[in-house]
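Hi everyone, thanks for coming. Today I'd like to walk you through one structure, a piece at a time, so please have it open in front of you.

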There are 2 protein chains.
Amino acid sequence: MTRAGEAGPATACTVCRGGWPQAADRIATLGESAVYLHDDQFFPGWSVLVLRRHATELFELEPDERARLMSEVSGVAHALKLVFDARKINYALFGNLVPHVHWHVIPRLPTDPAPLEAVFAIPHQPVRLGEVERSDRIAGIRRHLER
Amino acid sequence: MTRAGEAGPATACTVCRGGWPQAADRIATLGESAVYLHDDQFFPGWSVLVLRRHATELFELEPDERARLMSEVSGVAHALKLVFDARKINYALFGNLVPHVHWHVIPRLPTDPAPLEAVFAIPHQPVRLGEVERSDRIAGIRRHLER
């Protein structure tokens, strides 16, 4: 089985080739997934869980594998709620552009500019953090995930 | 335990009060959720799975309950793929407006007007089906779910 970010056969999948997400954004490697800080931090704490093997739909996963993945999604959501004092967590699996299974887990904060709207409906300039701030944010989430 | 659509104590939750979704849009009642055809059928087959008990986050669910819910989400996604010949399924749990756990499960078709975009980023006039067409669509999905 080829795991994302590991050497494997040539593939057309950006994730399996290690092209996205960036290794520097990795928060933690979990059993079925690896979790990264999303490039765009307009919504602080926006994280992405990438399935470690290649699949494109939930119904391609074995039932136990799907349950473990969703337990990891749930654990990351809980950590993000605590770290960012979120009022709600948003969860999305699309794959329209990059079909490899990846979950967006997005804390919605009390300071949210449009709290009732879907993140994807809110036009904004992407926020790219500087290296120090990004590392601090990653470390903060990682500490909560390890508890 | 109060179940959505059943008589229960007075509550501020629209879903628990039976205010949404409409009973006429119900496709099937599953173990942990009930699945409905979404009001807006601009994306044909857009369905909504509502958790039968009240909760607002994945991490509030018991592990087995969450696994069963996600198995139901997965089964509905598979049925929608078959019925609508979808090229990809989108899955989203937001709850910004109605926090009661509900999953949007949205087949993306080869005829999709913006296949790489999130549904929530595509401005459109909602499509409300007439009664006969809506009933036919509900019945078609139900037949595949029962297989």
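Let me begin with a term: two strands pair if DSSP finds at least two bridges between them. One more thing to keep in mind is that this is a predicted model.

With that term in hand, look at chain B. Strand β1, residues 26-29, pairs with β2(B) in the antiparallel sense, over three bridges. If you want one bridge to find on screen, try B:Arg26, whose partner in β2(B) is B:Tyr36. Three residues sit between β1(B) and β2(B), and the two strands form a hairpin.

Now, β2(B) has another partner. It pairs with strand β3 of chain B, residues 47-51, again in the antiparallel sense, and here there are five bridges. B:Ala34, for example, is bridged to B:Val50 in β3(B).

So how buried or exposed is strand β2 of chain B? This strand covers residues 33-37, and five of its five residues are buried, so the rest of the structure largely encloses it. Its side chains go two ways: B:Ser33, B:Val35 and B:Leu37 point one way, while B:Ala34 and B:Tyr36 point the other, and all are buried.

Let's move to helix α2 of chain B, residues 131-145. The helix has 15 residues and reaches 21 Å from its first C-alpha to its last, close to the 21 Å expected at 1.5 Å a residue. Which residues of α2(B) are buried? They are B:Arg137, B:Ile138 and B:Ile141. Seen down the helix axis, the buried residues of α2(B) fall within an arc of 95°, so they line one face of the helix. The cover over them includes β1, β2, β3 and α1 of chain B, so to speak, our strands from a moment ago turn up again here. On the other side of α2(B), the exposed residues are B:Glu131, B:Val132, B:Asp136, B:Ala139 and B:Arg143.

Finally, let's see where the two chains meet. Here 30 residues of chain B are in contact with 30 residues of chain A. On the chain B side, α1 (63-84) and β4 (88-93) each supply at least two residues, and α1(B) gives the largest share, nine residues. That side of chain B divides into 19 nonpolar, six polar and five charged residues.

There is strand pairing across the chains, too: β4 of chain A, residues 88-93, pairs with β4(B) in the antiparallel sense over three bridges. Look for A:Ala92, because its bridge partner in β4(B) is easy to remember: B:Ala92.

Terms used: Residues are numbered from 1 along each chain as its sequence is written. Chains are lettered from A and ligands numbered from 1 in the order in which they are written. This is a predicted model: local features need pLDDT of at least 70, side-chain atom pairs count only at pLDDT 80 or more; totals for chains, interfaces and linings use all residues. Two residues are in contact if their C-beta atoms, placed from the backbone, lie within 7 Å. Helices (H or I, at least four residues) and strands (E, at least two) are DSSP runs, numbered from the N terminus. Ala, Val, Leu, Ile, Met, Phe, Trp, Tyr, Cys and Pro count as nonpolar, Asp, Glu, Lys and Arg as charged, and the others, Gly among them, as polar. A residue is buried if 20 or more other C-beta atoms lie within 10 Å of its own, exposed if 12 or fewer, and partly exposed in between; C-beta atoms are placed from the backbone. The expected span of a helix is 1.5 Å times one less than its number of residues. The arc is that of the directions from the helix axis to the C-beta atoms.
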